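This report walks through a single protein chain, with the sequence and the structure shown below for reference. It takes up strand pairing, overall make-up, the main pocket, salt bridges and a few loop positions in turn.

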Amino acid sequence: MNPPPVFFTPTPWSLVPHAASPWRPAFTLSVALTPDRCAGLRLDYALTGDLANLRLPAPMPPGPADGLWRHTCFEAFVGGQDGGAYREFNFSPSGQWADYRFAARRTPDAAPDPSVLIPEVLWRSNPGHLRLCARLPASVLQPAGTWRVGLSAVLEHQDGRLSYWALAHPGIHPDFHDPAGWRPLPAAPDISSP
């Protein structure tokens with residue numbers, strides 16, 4: 001008799017606004033992560049609150065774009081346990097995304113990238129709730145089981161003020177590149193063995 005399948009249920013991680021943000025909205029923001037050794041990493045952002053106070057980017061054709069962090073944007077930083085190289089991913093409710101590679105903290109990686117990122121990004125909103133799901137292919141990530149992640153978001157108020165959200169804010173200024181605010185991500189369970 002075959003054992004029943006085991007499903008990995010991700011636990012949402014809560015993001016908090018930086019104390020220095022000029023706008024402290026009454027939102028809750030969480031991210032559930034589902035690592036998969038073959039498929040990569042799925043990120044499920046859930047934002048709850050009065051979305052009428054939030055400025056959302058206009059819908060655009062899906063594709064890469066720079067400067068998404070200047071407006072409402074969801075972000076993930078993924079690196080290895082060694083604290084060296086990492087990648088930054090930005091996902092906009094506009095449908096656009098960005099992928100940046102760093103050799104070290106805030107030092108762009110100049111080496112050619114053999115992998116091409118084409119993430120799957122889906123989002124929807126209804127009164128009081130916005131959800132954005134993104135899947136990063138395994139080809140753009142370091143081997144599973146070695147990831148440290150920094151999860152963050154920028155929320156833009158209707159008047160242009162920004163608030164900065166992350167798992168933790170170790171500095172007096174918002175800095176999503178600071179690995180002190182990142183957390184280890186447990187490896188996906190091996191569901192192929194009984």
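## Strand E6 and its two partners

Gly79 stands opposite Tyr86 in E6, and this pairing belongs to a model that is predicted. Strand E5, covering residues 73–79, runs antiparallel to E6 and is joined to it by 6 bridges. In the hairpin that these two strands form, 6 residues lie between the strands, and Gly83 takes a positive phi near 80°.

On the way to strand E7, residues 96–104, E6 again meets an antiparallel partner, and 6 bridges join the two. Within that pairing Phe89 stands opposite Asp99 in E7. The hairpin of E6 and E7 has 4 residues between the strands, and here Gly95 takes a positive phi near 105°.

Is strand E6 mostly covered or mostly open? Strand E6, residues 86–91, is mostly covered, with 6 of its 6 residues buried. Both of its faces are covered, since the buried residues include Tyr86, Glu88 and Asn90 on one side, while Arg87, Phe89 and Phe91 are buried on the other.

## Overall make-up

The secondary structure comes to 0 helices and 13 strands, and reading along the sequence gives the pattern β-β-β-β-β-β-β-β-β-β-β-β-β. Of the 194 residues in the protein, 43% are buried. Among contacts between residues at least 6 apart in sequence, 61% join residues that are at least 24 apart.

## The largest pocket

The largest pocket has a volume of about 300 Å³. Its lining is made up of 13 residues, and those nearest the centre are Trp69, Glu75, Glu88, Arg106 and His177. Glu88 is also one of the buried residues of strand E6.

Which classes of residue make up this lining? By class, the lining of the largest pocket holds 7 nonpolar, 1 polar and 5 charged residues.

## Salt bridges

The count of salt bridges comes to 9. One of them brings together the side chains of Arg55 and Glu156, with a distance of 3.0 Å from N to O. This pair links distant parts of the chain, 101 residues apart, with Arg55 in the loop between strand E3 (40–48) and strand E4 (63–64), and Glu156 in strand E11, residues 148–156. Arg55 is partly exposed, with a relative accessible area of 32%, whereas Glu156 has a relative accessibility of 4% and therefore counts as buried, the cut-off being under 20%.

A second salt bridge is formed by the side chains of Arg105 and Asp175, at 2.5 Å from N to O. Arg105 lies in the loop between E7 and strand E8 (107–108), and Asp175 in the loop between strand E12 (162–166) and strand E13 (183–184), so the pair ties together parts that are 70 residues apart in sequence. Arg105, at 42% relative accessibility, counts as partly exposed, and Asp175, at 21%, counts as partly exposed as well. Asp159 forms a further salt bridge with Arg161, in which the closest N and O atoms are 2.9 Å apart. Asp159 has a relative accessible area of 47% and is partly exposed, and Arg161, at 32% relative accessibility, is also partly exposed. In addition, salt bridges that share partners join Arg105, Arg106, Asp175 and Asp178 into one network. Within that network, Arg106 is also among the residues nearest the centre of the largest pocket.

## Two loop positions

Ala111 lies in the loop between E8 and strand E9 (120–126), where it is partly exposed, with a relative accessible area of 42%. Its C-alpha atom is 9.2 Å from that of Arg101, and the two residues are 10 apart in sequence.

Pro174 is found in the loop between E12 and E13, and at 31% relative accessibility this proline counts as partly exposed. The C-alpha atoms of Pro174 and Ser163, which are 11 residues apart along the chain, are separated by 9.4 Å. Which residues does Pro174 contact once its neighbours within four places in sequence are left aside? With those neighbours left aside, Pro174 is in contact with His18 and Tyr164.

Note on methods:
Residues are numbered from 1 along each chain as its sequence is written. Side-chain values use heavy atoms; hydrogens and water are left out. On a 1 Å grid over the protein atoms alone, a cavity is a set of points where a 1.4 Å probe fits but cannot get out, and a pocket is an open set with protein on both sides within 12 Å along at least five of seven lines; lining residues have an atom within 4 Å of a point. Grid points are joined across faces, edges and corners, and a volume is the space filled by probe spheres set on the points. Ala, Val, Leu, Ile, Met, Phe, Trp, Tyr, Cys and Pro count as nonpolar, Asp, Glu, Lys and Arg as charged, and the others, Gly among them, as polar. Buried means under 20% relative accessible area, exposed over 50%, partly exposed in between (1.4 Å probe, protein chains only). Two strands pair if DSSP finds at least two bridges between them. A salt bridge is a side-chain nitrogen of Lys or Arg within 4 Å of a carboxyl oxygen of Asp or Glu. Contact means heavy atoms within 4.5 Å.
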